[in-house]
Amino acid sequence: MRGKCRLYGNVIAFWILGLLNNFLWVVLNAGANEINSAGVALVYLVNVLPSLTMKLSGPYWFHHVSYKYRIWLIALLMVLCLIQVAWGNGPYQKLIGVALASFAAGMGEASLLAMASFYETKPCLTAWSSGTGFAGIAGYVWSLFFDFLDVCFQVELMVAMWLPVAFLLAFHCLLGPPWIDQERGTMNVALPDCAADSSDSYSEEVESEDSVIEHHASELATGKLSFQERFSFILSLWPYTVPLFFVYAAEYTIQSGFWAAMGFPVTDPKARHTFYKWSNFMYQIGVFISRSAFILICRNRRVLWAGGFLQVLMAIFFAAAAWQPFGDWWLLAPAFFVGCLGGGVYVGAFTLIAQEQSPSFVELALSSASVADTFGMIAANIMGLLVQGCIFGHLQVLDDVPDFKCGYDIWGSVNKTLAAKTYHAHCFAGVKG
């Protein structure tokens, strides 16, 4: 009975950690206009490039740093990000804070995916994926709530100082560090744990003696790998990472490119803004549902590849809908489906890795495979810049000048009257925001 309670606690902890790890990342994307209104796409890129750096390098040094220390470093990066973005002078100083959040999210995803291999892997991975899916909904609701109150972005960020505290409490009080931290000998400084004995009791009550021995062997196996051997192993994960890359490349091209250039009519900026907001919200709902339930139908790699293929088809569908406008608000239904495919392939890929890879390499595989979605997002953000400019030029959208003009020169002769900047009613004393 105690072991079952411990399992439930671990699952809940991974869900909360998934939510909190991605929450700030979503909030910063939702507030991209507040950070750098002249280049929203730049905010998206800065919010993903450091994460890619962390995921690429992590497999070669993560095993030298305990999970406990990594969790504290992530919380510290969250604090620094909130302060830097809120109080930075000018967009470029604020982008430094965005980069800190990206480092935190990348380290958190790669670390916690790998850490799931030391608990009940399948339910913990499902809980993590569900939590990260719900972060999209929660982050947008958080942002919309402060907009409704007419509160400035600076206050919104300072109120979010609860985030790193909750992240630490979820790890220490609900989960507790895995036993591998003690094996690696990187925990010389005592840090408080509400669930200090969770790892030991969990190993004793849920895992058999043979599985514990096997996991000890896994640490020895991966610890002795050379750089070239680690790189070769990471490349061997292509049956999981390729569909993951295509799913993310397609869906973020849809989000940052096609949905940003759609509206009813497309020449109405308010209509474009409304469709973009609601299509992304429906997408986030789809991601949450699929990350929570897709594990029930993802039984083999063919399902992953089918999901990647369908997502590319959805990109083609929305390309047609944007280039030669058709449809109406019913397009929110396929937007929801885009989210279902993206979230489903995500949780399916990592679950299959945990099931099919050798126990000696599961931790390394889970940590390494997370780089595929980040590569897909970077490719999509670049493609989104190109796509939006081309569609704006093709459809004669003159109210906004895109960063990439796609060879069109229709904006130079347009005279614009710049509206006076409006400020939120509630902000810190002496601050306009």
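Contact means heavy atoms within 4.5 Å. The model is predicted.

**Exercise 1.** Place threonine 374 and list what it touches, not counting residues up to four places away in sequence.

*Solution.* Start with the element: threonine 374 lies in helix H19, residues 371-394. Next, list the contacts: Val48, Ser51, Leu52 and Lys55. Last, check exposure. The relative accessible area of threonine 374 is 1%. Buried means under 20%, so threonine 374 is buried.

**Exercise 2.** Classify the ring pair of tyrosine 67 and phenylalanine 118, and state which parts the pair ties together.

*Solution.* The structure holds 27 aromatic pairs. In this one, the ring centres are 6.1 Å apart and the planes stand at 70°. Planes over 60 degrees apart count as edge-to-face, so the pair of tyrosine 67 and phenylalanine 118 is edge-to-face. Now locate the partners. Tyrosine 67 lies in helix H5 (67-87), and phenylalanine 118 in the loop between helices H6 (91-115) and H7 (121-148). The pair therefore ties together parts 51 residues apart in sequence. Both residues are buried.

**Exercise 3.** Do the same for phenylalanine 317 and tryptophan 330.

*Solution.* The centre-to-centre distance is 6.5 Å, with 55° between the planes; the pair is tilted. Phenylalanine 317 lies in helix H16 (301-323), tryptophan 330 in the loop between H16 and helix H17 (332-356), so the parts tied together are 13 residues apart in sequence. Phenylalanine 317 is partly exposed at 25% relative accessible area. Tryptophan 330 is also partly exposed, at 46%. Finally, widen the view: ring pairs link both residues into a cluster with Trp259, Tyr283, Phe318 and Phe326.

How values were computed
Residues numbered from 1 in each chain as written. Predicted model: local features only at pLDDT ≥ 70, side-chain atom pairs only at ≥ 80, totals over all residues. Heavy atoms only, no water. Helix = DSSP H or I, 4+ residues; strand = E, 2+ residues; numbered from the N terminus. Buried < 20%, exposed > 50% of the residue type's maximum accessible area, 1.4 Å probe, protein only. Phe/Tyr/Trp six-rings, centres within 6.5 Å; stacked < 30°, edge-to-face > 60°.
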